[in-house]
Amino acid sequence: MTGNKYHSIQGASNQQELLYGDLKLVNSITGQNLVQTLIHSVIDHICGRTIPVDFSIYGLQTIRTLFERLAVFVSRVVGRELKREQIVEDLKTAAVQDDSINTIADAIVSRYQDIKRELTEKLSSISSSSLTDFDWKMNLILSSDKINSVNENVLMLNLTIDHHEEKKEQLLVELSKKDLDQLLSQFEQINSVVQSLKI
Amino acid sequence: MVEGSESTDNSNNENVGNSCINDSNNNSIVVNNNENNNNINSSQNPMINNNIDIDSSVKDFMKPISIKNEDNNLKNSVELKPVYKQHQQQQKQNPETCKNCHNRISNNNNNLKNNTNNGNMGYDSSSDNHTPFLSLDIRRRYRVAIVLGLIQSFGLTLLLVAVIKCFIGGLRPNFLVRCKPTPESLARATPVGFNQLYYSKEVCTGDEADILDGMAAYPSGHAGLAACGLVFLALFLHARLKTFNNRGHLFIYVMILMCICGAVLVGVSRIVDYRHTFGNVLLGWTIGVICSLSTYRLNYLSLFGHDNHISVAHYWVWYWKQYSTNTTTEPQSVKIARHLNDFNSNKQSYSNRNRFKMDEADGIILLTLRDLGCELGDEITIKDFDAEIVYKACLAYLRVINEAKVANLTATIPKNMSARVNSCSVLAATIRETGYRAELSYHNLLYPNINDVRRIFVFLGQHLPKKEVVEGDSTASLKDLICNHLASSIKESWMPYFCPFTKRIPGNYSTAKLFTVAPLKIPARGRQLKLTPGLEDFYIKHLRPINQQPNRTDDVAPSVFEYNLSIYAEAQERENEWNTKGSQSGLNPLEYKKNKSKTILSKMNDSIRSAMVDGSSADSRRNNTFDHVIGQFGMGSADDDYGQFARKKAFTNEEVASEPIEPKAKETEEERQQKQQEEIDQLQSVLEELANRMANATSEMDDWIQQIRQLEAQINEEDRKRAELEKEYKVKKKTFGLLENAEENFAKLQELCQQTSASLIEMSGEWEKVRRPIIEKYRQLKDEKANQSDEAKSKVERIKEIRALIKKMIADIRAKEELFTQLQDTYKAMPKDTNRSMYTRRIIESVKNIKKQKEDIDRILLDTRTLQKEINTITDTAVRTFDAVKDMLYADAKKDQTAKTAIKSFAVIDEKFQTLLTAIDETGTYQNNIFTLTSKIDYISQKTNTLNTDRVLNDLKTIKAENQTLIAQVKSKMASAGSN
């Protein structure tokens, strides 16, 4: 190529550089608003939101490739924790127009934290399973079919566990107060460990 | 769980079905109602209001029986009905409440009533002294009422039946059997009447009495008596058991119906026996029913009303107790008052006392009026009330009692005379409707008389509805609402949600509804916005509103909650950590953070490396991905060709590789196993090969590396040798240059040596100079450093202390907060009677009055005692002197004749004096009577003075003027009409 090295690619890899070569396609999109919309929709896509944007005038294939390349570029840039100047340089080496460079760089910088969080979350899927959500409900058992008055309170705990495979698992448990205390103490231990690893 | 809750509700349903428990529940409700609506009930039932007798909580059940004494109550009621047993049990269970409500009722109204009573009677009567006596009295009268009513009823029926039988008579259906006429007797008899068609009873051959009886069929005496007795019984039972008291007791109803049926059956049996025709029986029934109804009403307050168990005698006893001026029994205090009057018979003071008592009652009335929102002057008394104020006050009372009736009336008394009369009569009518029993019409209000006004106000005061604490929406706290909702939902029986009557929302019982969370992005102002150039643009153009950010609209609320909670929780965790660990490390927060991140990073790297070593090192790709992982954590230094997505691809490739196995899963187990085995073997052989190759390659590599190292070492050595040789060469070259003129050079060298040594000495001296301050400075700095570290340590210790103190204080504050909440709870739990202030004021007022009265009584008692003493001493001295004189005279009489006459005359004088004393006593009693009579006359004159003639005349004049103006108007109109 031009001989300039990409900051986002370390080590020589022609294949990657070829992929980046497609970033030029951005130049074919006229109007900075559209470029902005495109880059933001790319970031949204990375963040797990799909928002349909109509780019049909530029040909489906081009847009699709551009979309993919941009996604690769963005995630790479964020994964390397590059500064804005480096991003600009990378885009320059990829022969993108100056206006578009600015827009893209601004968009990436402005949503840096979101992308980073999403990437780390994706990364955490290498672990076996994780708790993603929970829901609870208090119930008071007044009586049963045999006993007239029981008056015992139980907690229905609904844990959503992500195994990073096909589906999330819904775990529904009924806990008495004792059980709940035990569970909570365990969770506290877990939390202390997590806290010790948190920056 | 869901099943459990179902069964709960089912059991509840069963409970509802069980009439016994249900009944007891109802009872308890009834008790409560009575407490609350005491005043409303009392409007129908004068007895309740009376402090004498009825325990109001029992009233609804056993109105006739419940007379003060609870033991009697129980005995009587046991015989009556099983239902009562339950009630009694309940009563036993909570006698507190019964007593309480009784006490409250009497307390509420007693002061007012007593005072007014006293006002009317003119002396202090503590009504409690009467209670046992009166209750017995009432019981006796009460039984009398039943017996008397029954006797009257029977007597009246018998009389009527007998009289009508005598006058009308008529033949019984079976008269011919009684008469037994024979052809002979017919021939013998002489026919009478029209065309000689009729015979007299001469034709009969039967028994004379029998025949006479057969000729008196109209009306039926049996039917009449049966009807009168049984209907009376029915009425009595109805009054006692209160059939239609919203309890739905079929048994009572059937019992009363049986009485009626009995009466009917007796009549029917008479028809069946051919003793009477239907007409006879009908008249008998009519007479009996009319007599029983009328006599019952004669002896009781009503036939079917709520007060139908109260006998007239009972009512009048109560009434007299309240209003009469004549009391047959005088309590002790009355006697004292009368005694006192005998002594000083000072009418002025008497009337003053009278007024004093009235003022107490007035004070309470005025207080109530002010509470009701009537604007009254500070100095005003009831005596000063004119028509306007009375109108306003009555309106204020009635607005509270019966809003609807007085809604049309104007707030102030109208100027127009006719309108005035109209509105006053409306007021009077409403007051009468509320149950006011004395005479009342518009003129009583228009020309107010102090006694009437007072009585009206007292009556209305008793009928004020007890202001319940209806807190309404404004004051009812959320907690109460929640409690109520929970209580009601617990009481509600369970129904499946698909039932048409269910109020529940479907899904309320299941846990199917999940609150899922989606990440939110909320725009925020601040430094971040200024620093990043594209952010504002993003916020404005591309960020969607929050409610569209989650993929499901249901998730919006949970997401927002989650967003807030996570921020809060993170901040808290951080704070916690800083408090527990950070502060002890003695670092800045920033430094601490940096330190921590460093340690974490190193830990992570270590753990990942160790995992790499442990794991299959053959998988180079994996190695790379882990390197990448390290790179992701902040450094970005990993040297690999595979990035995030390459890694992902690697994973997907693996998955793809594993996928082809699945379709084969349909083959038999053995085959699969075989194939697997083969594959494993293949793979293993390949693996071994690879491992061998790997080993070979590594060994080769090692060899090569060793060779390279050896060569490098050789090169280094040679380089070193070369450098040494070059050095030697340079030195030798210079020496050769210097050797040409050795002498000169030597001298120069010596000079140079000397110069350098001198300069060296100089420099050392200078160095000494410079060195000293530097050393001093160094020492100083060292000392300072030590001090600083000491200070820092002490400061850290102090910080620790302060932290401990803060913790302690926080604990204190929490404890206090808990206490506060507890106290608040208790405060909430306490009954909120907004009325209390009013009642307390009233009570305070009455207590004050009582104190005053007590003081008066004490003073009077003291006076009486001193007087008694004086009288005693005087009588003693008189008797003694009398005796002494007697002795002296007797002693003299033996000697002297004149002394004897003196004795005689003395005896006569004594007798005269005795008669004089009795005369004085009599005059005293007469004076007493005269005094009471004058007081009565005063009272009556005051009462008769209702129509103030002057005012009436004035009003008459105004009316006349009005009439004249009206007539003038009419005339002018007529004239105008005529002209037209």
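How far apart do the end C-alpha atoms of residues 250–272 of chain B lie, and how much of the span is helix? The views below, taken from a predicted model, begin with that stretch.

**View 1. Residues 250–272 of chain B, end to end.** Here the span is 100% helix and 0% strand. Its end C-alpha atoms lie 31 Å apart. The unreviewed UniProt entry lists these residues under "transmembrane region", along with residues 144–164 and 216–238 of chain B.

**View 2. Residues 216–238 of chain B, another stretch from that UniProt list.** Take a look at the backbone here: 78% of it is helix and 0% is strand. From one end C-alpha atom to the other, the distance is 35 Å.

**View 3. Helix H13 of chain B, residues 221–241.** This helix has 21 residues and reaches 30 Å from its first C-alpha to its last, close to the 30 Å expected at 1.5 Å a residue. Of the 21 residues of H13(B), 18 are buried, so the helix is largely enclosed by the rest of the structure. Just after H13(B) comes Lys242(B), and its phi is positive, near 55°.

**View 4. Chain A and its seven helices and three strands.** If you trace the sequence, you will meet the elements in the pattern α-α-α-α-α-α-β-β-β-α. Buried residues account for 21% of the 199 residues in chain A. As for contacts in chain A between residues at least 6 apart in sequence, 59% join residues at least 24 apart.

Technical notes:
Residues are numbered from 1 along each chain as its sequence is written. Chains are lettered from A and ligands numbered from 1 in the order in which they are written. This is a predicted model: local features need pLDDT of at least 70, side-chain atom pairs count only at pLDDT 80 or more; totals for chains, interfaces and linings use all residues. Helices (H or I, at least four residues) and strands (E, at least two) are DSSP runs, numbered from the N terminus. A residue is buried if 20 or more other C-beta atoms lie within 10 Å of its own, exposed if 12 or fewer, and partly exposed in between; C-beta atoms are placed from the backbone. Two residues are in contact if their C-beta atoms, placed from the backbone, lie within 7 Å. UniProt positions are given in the numbering used here, feature names are shortened, and annotations may be inferred rather than shown by experiment. The expected span of a helix is 1.5 Å times one less than its number of residues.
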